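Work through the exercises below with the sequence and coordinates open. Try each task before reading its solution.

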Amino acid sequence: MGVRDVLRRVERATRPADPVTAAALQRRWQELPASAQTPAQSVGGHAVGCEGTHGVFPKCNLTCSPCYHSKDANKVRVDGDHTVAEVSRQMAFLRQERGPHAHAQLIGGEVSLLSPDAHAAALAAMRAHGREPMSMTHGDFDLDYLRALVLGPDGRPRLRRVSFAAHFDSLMRGRGGIPRPRSEAELNPYRAQFADMFRRLRREHGVRSYLAHTMTVTPQNLAEVGEVVASVPGMGYSMMSFQPAARVGDDRRWRGGLGEVGIDDVWQQIEGGVRRTVAWEAVQFGDPRCNRTAFGLRVDGDWFPFLDPDEPGDLEVRDWFYSHLAGMEFVGIPKTMVVLKLLRCFIEHPSAFGVSGRYVRRMVARAGGVRKLIAALVRQRVAPLTFVVHHFMNAEDVAPAWRMMEAGVAAEDRRVRVTQERLQACVYTMAHPETGRLIPACVQHSVLDPGENRGLRTLLPLTVIR
Ligand code: SF4
């Protein structure tokens with residue numbers, strides 16, 4: 001290889017975003033409805049969005065109400081070979097369509113029903129296609145399972161870093177030790193115990209982790225969200241994500257009037273939990289009726305936003321970031337590569353020094369000043385904390401809106417049009433390499449899952465007759 005080739009390679013490798021990602025960003029921006037093309041919009045501006053698996057292991061061993069899984073989900077065998085092959089196929093397609101780096105969820109039914117080896121192999125397949133994986137779980141597994149997952153047969157870590165989203169809420173049924181929780185507070189020891197396992201993993205084996213806490217919200221537990229926000233992050237969770245319940249999946253699990261909870265209702269509770277306004281308008285993922293996100297820092301139990309939408313300097317940082325670092329991945333690539341990419345960007349755009357310097361000063365002041373921050377750092381009381389509300393849509397709204405979209409019809413009815421706009425701006429994608437399509441998760445769960453799971457029942461029956 002000649003010097004020119006080497007330089008060309010270095011030039012390409014140190015671009016903030018790979019050309020495939022840059023093209024995907026542009027495509028995503030053009031696909032967004034005009035209402036979502038705002039300065040705050042991250043999709044197309046910075047990120048292509050999140051990804052998830054489907055049709056892999058739909059079975060779950062809890063019996064929650066509500067539940068998003070279709071009627072046949074529990075009649076499908078959990079099969080490691082099928083999972084790894086299917087995950088690999090889906091991730092390869094996502095890589096081809098959306099570029100070499102993204103965040104993807106290993107999601108189906110319950111991930112810990114996979115054997116530790118199959119689970120580890122599925123995560124490795126995701127990483128092999130440039131996906132930073134997060135395993136979605138109900139959190140009801142023990143340290144032995146976790147150790148078997150991250151350690152190889154030689155007792156040494158085969159996974160250096162793991163990410164889990166653990167779902168805990170009082171609507172869940174069948175958790176070991178607490179099959180019918182009567183309140184959110186009753187679950188706190190289980191939430192803490194789950195996070196503790198990952199601390200031990202770090203201490204004993206050097207394996208790092210990222211933990212998100214997820215929770216379904218209905219009128220039944222809405223009033224307890226604030227208390228969860230106040231008590232859970234300190235246990236070791238870096239993200240608190242809430243999903244107002246949507247009517248999707250097995251309607252036998254929708255007993256009683258579960259009612260509607262809006263995204264604003266949950267946000268109000270979050271603000272009550274942190275005892276301050278949690279502004280989310282600086283960065284938007286897709287449609288604001290689907291997603292709300294606020295990134296921040298927890299210092300000595302108090303939360304401070306990374307970006308304040310009322311602070312022009314913060315918006316300047318956001319705009320600078322979107323303009324010059326669009327599509328850059330910070331996790332899942334070597335740290336030296338992150339540094340090199342940033343260095344190149346700073347050299348090419350020296351305004352970065354002023355923008356970032358002013359931002360750091362502002363952020364330090366916001367978090368209480370240098371002394372407070374250093375003292376909290378010493379006591380290990382500083383950690384990032386992100387709040388998310390993701391409001392899935394009801395199947396009865398998604399199905400007709402999607403049918404019309406497939407026929408190329410823009411709805412005139414307001415409710416259907418809103419659903420179409422949200423689907424167009426979707427940030428949570430599932431891959432269908434067999435049809436060459438990328439499908440919004442709402443469509444996957446509302447429209448495609450029932451048929452897919454019926455097919456899986458035949459392919460992977462619970463009882464194998466030999
Ligand atoms: S999965 Fe549904 S609720 Fe979530 S972003 Fe996509 S369309 Fe919106």
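**Exercise 1. Asp300**

Task: Locate Asp300 and describe its backbone.

Solution. Note that the model is predicted. Start with the place: Asp300 sits in the loop between E7 and strand E8 (302-305). Next, take the torsion. Phi of Asp300 is positive, about 50°, although the residue is not a glycine. Last, classify Asp300: buried, exposed or partly exposed? Count the other C-beta atoms within 10 Å; there are 13. The exposed class ends at 12 or fewer and the buried class starts at 20 or more. Asp300 is therefore partly exposed.

**Exercise 2. Arg275**

Task: Do the same for Arg275, and decide why it falls in its exposure class.

Solution. Arg275 belongs to the loop between helix H8 (263-274) and strand E7 (291-299). Its phi is near 55°, again a positive value in a residue other than glycine. Now count neighbours: Arg275 has 11 C-beta neighbours inside 10 Å, so it counts as exposed.

**Exercise 3. A peptide bond**

Task: What is the geometry of the bond from Ser65 to Pro66?

Solution. Read omega for this bond: the value is near 10°. The peptide bond is cis. Then place Pro66: it is found in the loop between strand E1 (50-52) and helix H3 (80-98).

**Exercise 4. The ligand shell**

Task: How many residues surround the ligand, and which are the closest?

Solution. Collect residues whose C-beta atom lies within 6 Å of the ligand. The shell holds 16 residues. The closest are Cys290, Cys426, Tyr428, Ala441 and Cys442. Map the shell onto secondary structure: helix H14 (414-424) and helix H15 (441-459) are the elements that give two or more residues. Finally, sort by character. The shell splits into 10 nonpolar residues, four polar and two charged.

**Exercise 5. The whole chain**

Task: Which radius of gyration does the protein chain have, and how does that value fit a compact globule?

Solution. First list the elements: the protein chain has 15 helices and 11 strands. Then get the extents. The C-alpha trace spans about 65 × 60 × 50 Å along its principal axes. Now test the globule rule. For 466 residues, a compact globule would have a radius of gyration near 23 Å; the chain has 22 Å, so the two agree. Add burial: 41% of the 466 residues are buried. Close with contacts. Of those with a separation of 6 or more, 75% join residues 24 or more positions apart.

Notes:
Residues are numbered from 1 along each chain as its sequence is written. This is a predicted model: local features need pLDDT of at least 70, side-chain atom pairs count only at pLDDT 80 or more; totals for chains, interfaces and linings use all residues. Helices (H or I, at least four residues) and strands (E, at least two) are DSSP runs, numbered from the N terminus. Ala, Val, Leu, Ile, Met, Phe, Trp, Tyr, Cys and Pro count as nonpolar, Asp, Glu, Lys and Arg as charged, and the others, Gly among them, as polar. The radius of gyration is taken over C-alpha atoms; the globule rule is 2.2 Å times the number of residues to the power 0.38. Two residues are in contact if their C-beta atoms, placed from the backbone, lie within 7 Å.
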